[in-house]
Amino acid sequence: MLPITTLTGLVSAPSRGISGLRLRLADISDVLRDTGDRRTSRRVWARAGRAHMEVRGLTGHGAGHERLVHELESTLRRLTGINWAGVNASLGQVLVDFDEDELGPEDVLEVVERVEAAHGTGADDFPAGRPQPPFASTPATLAATALAADCLGLATAAIRRVTMRPALSPTLRIPTVMAEIQPRLRGVLESRLGRAQADALIGVSNAVVHALTRGEAPLALDALQRLLQLAEIRGRQTVWRRREPELVADGDGLPERSHPAAPRPAPLPPGPVETCVDRTSLAALSGAGGLLAWTRDLEQAGKALLATVPKAAAMGREAFAARLGDVLARDGVVPMDGTALRLLDRVSAVLIDARVLCAGRPRLLSVATVGDLGEAEAWSAAQSVLDRRPLRELSGDGPWTRGPWRLERPHELPAALPASPPALTADLYGADGRRQARVRIGCELDPLADALVAAARRGARRLVLTHHASTDEIAPWADELLPPGASLPDTVRRLQLDGHGVLVISGADDEALGAADLGVAVIARGADRVCWSADLLCGPGLVHAWRVLRALEDARSVSRRSARLSMGGSALGALIAAAGTRPAVAGLATSPVYSAAFLAMLGGIRAARRVERRPAPAPRVRGNWHALGARETLSVLCAFRENGTEPPDGSGAPHGAGPGNRARLQVTRARRGPPGRCGPTRHASCPMRPGRTYGPGRPVPWEAVPWEPVSWEPVSWGPVSWGPPPPVSRP
């Protein structure tokens with residue numbers, strides 16, 4: 001006999017299933033009811049004593065916003081059981097950390113609604129254009145609804161085919177197919193319903209129409225696309241649950257104000273997919289119109305139109321973006337706007353805030369002797385004072401002393417911090433109180449700074465870098481170096497006016513990240529704030545941002561290949577449709593379109609897998625090794641090891657900060673002054689090529705050898721050799 005618990009479970013299973021279905025249908029009804037500009041449902045996420053709640057009236061700026069923030073925080077903090085409360089103006093939410101034994105999310109929501117009513121915003125709608133946060137359940141609900149409709153439609157179409165039930169005319173598919181493919185028609189639906197709701201409506205309509213017309217192939221393709229989208233959405237939700245405690249911490253760095261959203265100054269330039277859709281759709285409409293005028297047969301003209309639908313172009317890009325979003329989420333990237341990855345193939349300019357290239361350790365940039373102390377001795381003395389001192393200590397007034405040496409800020413120069421773009425200028429004094437040298441102190445470069453800049457050069461037509469004294473060595477790689485004090489948001493808008501799709505990488509400029517077409521925020525280790533206006537939250541470290549930049553080239557390749565497949569499938573479908581009107585031929589007319597779409601999706605998935613399997617770049621440590629003694633060199637390497645970067649041991653064993661890294665860390669000689677004429681530029685007149693390793697077997701060209709005491713450009717000697725550098729050949 002079955003146990004009583006098993007029998008009870010079997011009896012209650014149908015009721016639980018019906019209850020779950022009722023709740024799911026209620027969720028779907030609520031989601032579909034919130035369409036267009038009138039969004040009334042509140043986005044709420046609560047877990048383990050932490051709640052994120054959207055608040056009506058949080059516009060991010062203005063006097064009304066300030067009063068609402070003050071009243072909301074003060075009211076919540078007075079409640080018993082509230083540990084802390086803060087407003088995130090970028091997302092329009094209030095964050096509350098509470099004791100679950102004292103109160104629950106419902107109690108917090110009741111207080112929020114009372115404050116909204118007191119300020120007269122209780123009846124306001126939520127902004128419709130605000131992106132879906134990673135914890136939102138609406139995208140998953142809509143995608144699951146469309147997937148269920150596809151599966152049901154696929155089963156219906158298969159049953160109708162097996163039972164030999166007559167199918168309706170394929171021309172019934174034309175309205176839904178055109179609404180899905182045509183950007184203008186789709187834009188009208190999205191403006192009325194919202195992007196996610198319009199996509200779900202088109203998906204359900206496609207499922208119904210294709211089920212009645214026995215369209216198994218398009219239904220199977222749509223179901224595969226929904227599965228990829230659901231995996232991406234689940235990945236976003238998972239990475240949010242994992243990283244939310246780290247991103248929010250104790251709420252001290254939450255932004256209480258945000259910059260007003262400004263419209264893009266010029267339309268986003270079309271990519272390969274948009275160009276293909278426009279050209280193919282125009283040709284298809286012209287051909288179908290001509291065929292209708294010639295044959296007077298509306299059904300034949302409709303079949304010809306369906307045979308040339310450019311479905312593969314968009315489906316290949318969508319498959320790549322969905323799979324890439326899942327890959328990045330599993331790697332730790334938090335997508336604040338999941339739709340942003342669909343713009344990778346349209347990015348042509350990259351703007352990097354140089355501050356993200358700097359690590360949190362001080363570095364001696366230059367030394368100019370003014371006394372009788374030798375230059376090498378001055379380097380060693382200044383480095384000994386900096387040894388193991390954090391940037392926070394060097395940001396004070398000083399002086400800083402170690403042994404007989406002392407570093408002081410000069411009184412005649414304006415005060416600056418080591419992490420600031422001009423760097424810290426200090427004077428080196430000896431035991432006798434005499435000034436021996438003037439030094440500049442900046443920040444160490446991140447071990448992946450070179451790899452990030454190289455990926456930006458490879459993935460975009462234009463690279464713009466902000467000025468920073470600590471990044472002078474890699475600044476010549478940029479096409480444009482912004483002067484000190486230049487506005488990043490203004491630069492973004494200027495690049496957009498020039499016809500670029502702009503990707504911004506920054507860790508501090510919220511306004512520039514919000515104005516960019518794709519904003520990538522890099523969160524530093526121990527950072528006290530997060531740029532919530534970004535589309536992607538990456539870090540700590542640069543490996544996530546590097547992977548996004550390397551995906552630019554893959555995204556364009558996928559879009560171009562999908563566009564070619566789409567045009568080939570449309571051309572072949574048009575030829576088959578023009579061959580005759582027999583039923584067998586008419587059934588084959590649309591098969592090239594869907595075959596091309598399947599190949600495009602497969603290519604997009606494979607390209608995303610290549611991005612996932614691509615090994616992380618080799619860390620590269622830059623240092624003034626030629627001017628340091630053994631003790632100072634060992635101290636610098638120990639500091640890197642303590643921060644997660646392993647120096648090479650010469651054994652060929654894999655080292656590095658990221659998983660999958662199989663390259664050894666390279667230690668590079670750094671210049672002692674500003675960029676010289678042999679910097680890593682694009683000019684053919686420079687004999688030292690970027691990326692080329694000079695050493696034994698490949699001497700430095702004699703044209704690059706200076707005949708006067710000038711600075712040397714960084715030269716990589718491969719694995720570290722603690723002996724003297726290789727000899728330089730002279731003519």
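Buried means under 20% relative accessible area, exposed means over 50%, and partly exposed lies in between. These legends use those words for a predicted model.

**View 1. The whole chain holds 20 helices and 18 strands.** The model is predicted. The chain has 731 residues, and buried residues make up 51% of them. Contacts between residues at least 6 apart in sequence were sorted by separation; 69% of them join residues at least 24 apart. The exposed area is about 33600 Å². Carbon and sulfur atoms supply 57% of that area. The structure also holds 44 salt bridges, and some of them appear in the views below.

**View 2. A salt bridge joins Glu244 and Arg50.** The side chains meet at 2.8 Å, N to O. Glu244 lies in helix α8 (residues 216-248), while Arg50 lies in strand β2 (residues 50-54). The pair therefore ties together parts that are 194 residues apart in sequence. Are the two partners buried or exposed? Glu244 has 3% relative accessibility, so it counts as buried. Arg50 has a relative accessible area of 10% and is buried too.

**View 3. Glu110 and Arg114 form a salt bridge within helix α3.** The closest N and O atoms are 3.7 Å apart. The two residues are four apart in the helix, so about one helical turn separates them. Both side chains belong to partly exposed residues. Glu110 has 43% relative accessibility. Arg114 has 48%, which is under the 50% cut-off for exposed.

**View 4. Asp427 pairs with Arg435 in a salt bridge.** The side chains meet at 3.4 Å, N to O. Asp427 is buried, at 3% relative accessibility. Arg435 is partly exposed, at 34%. Elsewhere, salt bridges with shared partners link Arg186, Glu190, Asp199 and Arg226. These residues form one network.

**View 5. A patch of negative charge sits on the surface.** Which residues gather there? They are Asp99, Glu100, Asp101 and Glu102. Glu102 is in the loop between β4 (93-98) and α3 (105-118). Helix α3 is also the home of the Glu110 and Arg114 pair.

**View 6. Two peptide bonds leading into proline are cis.** Most peptide bonds are trans. The bond from Gly398 to Pro399 is cis, with omega near -5 degrees. Pro399 lies in the loop between α13 (391-394) and β8 (400-402). The bond from Gly539 to Pro540 is also cis, with omega near 0 degrees. Pro540 is in the loop between β16 (536-538) and α17 (543-579).

**View 7. Ala48 and Arg388 have positive phi values.** Most residues other than glycine have a negative phi. Phi of Ala48 is near 50 degrees. Ala48 lies in the loop between β1 (44-47) and β2. Strand β2 holds Arg50, the partner of Glu244 in View 2. Ala48 is exposed, at 64% relative accessibility. Phi of Arg388 is near 65 degrees. Arg388 lies in the loop between α12 (375-386) and α13. Where does Arg388 stand, buried or exposed? Its relative accessibility is 48%, so it counts as partly exposed.

Methods
Residues are numbered from 1 along each chain as its sequence is written. This is a predicted model: local features need pLDDT of at least 70, side-chain atom pairs count only at pLDDT 80 or more; totals for chains, interfaces and linings use all residues. Side-chain values use heavy atoms; hydrogens and water are left out. Buried means under 20% relative accessible area, exposed over 50%, partly exposed in between (1.4 Å probe, protein chains only). Contact means heavy atoms within 4.5 Å. Accessible areas come from the Shrake-Rupley method with a 1.4 Å probe; for residues, only the protein chains shown count as cover. Patches are made of residues with over 30% relative accessible area and no salt bridge: like charges are joined within 9 Å, nonpolar side chains (Val, Leu, Ile, Met, Phe, Trp, Tyr) within 5 Å. A salt bridge is a side-chain nitrogen of Lys or Arg within 4 Å of a carboxyl oxygen of Asp or Glu. Lys and Arg count as positive and Asp and Glu as negative; His and the chain ends are not counted. The place of a charge is taken as NZ of Lys, CZ of Arg, CG of Asp or CD of Glu.
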